[in-house]
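Biologist: I have a new structure to read and would like some help. Could you take me through it feature by feature?

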Amino acid sequence: MVYPNWQHVNGSTEASLALPALAVTARNSDDVVETVRFANKYDIRLVVKSTGHSHTGDSTAADALLLMLASMQDVQFSSSFDDGCGSPEPHPAAVTVQPGVTFGKIYPMAAAQSYEIAVSYTHLTLPTIYS
């Protein structure tokens, strides 16, 4: 296997599973901040998992601290949005989604608000929201 973080240490099925030693289920941003501070203070490798897995195996690692974000489920719709970048034209509408929200949850919520979501399934592109 190409990725050493995958299911087994060093990618070998003969090796032990690459499981984290500790796990935290974050319920809000304060939990995330405290977990990162804890990992930094004790020099513990931190891996993050939102609602599923990473295709490259980055959501798990042996002896790491796993920060799970699936419980962060808040969704907020706004009729106008300031991106904070000083754009001369305001964005007419936006949705703010926490990392635990899946597409299966956001699609019907967006439809109820007359929003359409265009999604690109690459690891660098975030969904674009249209109203």
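Modeller: Happily; we will go from the whole chain to its sheet and then to a few residues. Keep in mind that this is a predicted model.

Biologist: Let's begin with the overall layout. How many helices and strands does the chain have?

Modeller: A good habit is to list the elements and then read them in sequence order. Here there are 2 helices and 7 strands, and along the sequence they follow the pattern β-α-β-β-β-β-α-β-β.

Biologist: What share of the residues counts as buried?

Modeller: The cut-off to know is that buried means under 20% relative accessible area. In this chain of 131 residues, 22% count as buried. The exposed area of the chain is about 9000 Å², with 54% of it supplied by carbon and sulfur atoms. You can also look at contacts: of those between residues at least 6 apart in sequence, 45% join residues at least 24 apart.

Biologist: Now the sheet. What is the order of its strands?

Modeller: For a sheet, read the strand order and the direction of pairing. This one is an open sheet of 3 strands, ordered 1-3-2 and paired in parallel. Strand 1 (22-25) and strand 2 (46-49) are at the edges with a single partner strand each, so one side of each has no neighbour in the sheet. From one strand to the next, the twist averages 20 degrees.

Biologist: How many bridges join strand 2 to strand 3?

Modeller: There are 4 bridges between strand 2 and strand 3 (residues 65-68), and the two run parallel. To see the pairing on screen, find Val47, which stands opposite Leu66 in strand 3.

Biologist: And which strands does helix 1 touch?

Modeller: Helix 1 (residues 29-41) packs on the sheet and touches strand 1, strand 2 and strand 3. Its direction makes about 170 degrees with that of strand 3.

Biologist: Can we zoom in on one residue of that helix? Is Thr35 buried or exposed?

Modeller: Thr35, which lies in helix 1, has a relative accessible area of 6%, so it is buried. Apart from neighbours within four places in sequence, Thr35 is in contact with Val24, Leu46, Leu65 and Leu67.

Biologist: Leu46 is on that list. Where is Leu46 found, and what does it touch?

Modeller: Leu46 belongs to strand 2 and, at 29% relative accessibility, counts as partly exposed. Not counting residues up to four places away in sequence, Leu46 touches Thr35, Val36, Ala39, Leu65 and Leu67. Sequence separation is worth checking too: Leu46 and Leu65 are 19 residues apart along the chain, while their C-alpha atoms are separated by 4.9 Å.

Biologist: Let's try a loop. Is Arg27 buried or exposed?

Modeller: Arg27 sits in the loop between strand 1 and helix 1. With a relative accessible area of 54%, Arg27 is exposed. Leaving aside neighbours within four places in sequence, Arg27 is in contact with Ser71 and Met72. The C-alpha atoms of Arg27 and Gln73 are separated by 8.5 Å, with their positions 46 residues apart along the chain.

Biologist: One last feature, on the surface. Which residues make the nonpolar surface patch of about 290 Å²?

Modeller: Leu22, Phe38 and Tyr42 make that patch. Tyr42 is in the loop between helix 1 and strand 2 and is partly exposed, with a relative accessible area of 46%.

Notes. Residues are numbered from 1 along each chain as its sequence is written. This is a predicted model: local features need pLDDT of at least 70, side-chain atom pairs count only at pLDDT 80 or more; totals for chains, interfaces and linings use all residues. Side-chain values use heavy atoms; hydrogens and water are left out. Two strands pair if DSSP finds at least two bridges between them. Axes are lines fitted to C-alpha atoms, for helices over the stretch in contact, and angles run from 0 to 180 degrees between N-to-C directions. Contact means heavy atoms within 4.5 Å. Buried means under 20% relative accessible area, exposed over 50%, partly exposed in between (1.4 Å probe, protein chains only). Accessible areas come from the Shrake-Rupley method with a 1.4 Å probe; for residues, only the protein chains shown count as cover. Patches are made of residues with over 30% relative accessible area and no salt bridge: like charges are joined within 9 Å, nonpolar side chains (Val, Leu, Ile, Met, Phe, Trp, Tyr) within 5 Å. A salt bridge is a side-chain nitrogen of Lys or Arg within 4 Å of a carboxyl oxygen of Asp or Glu.
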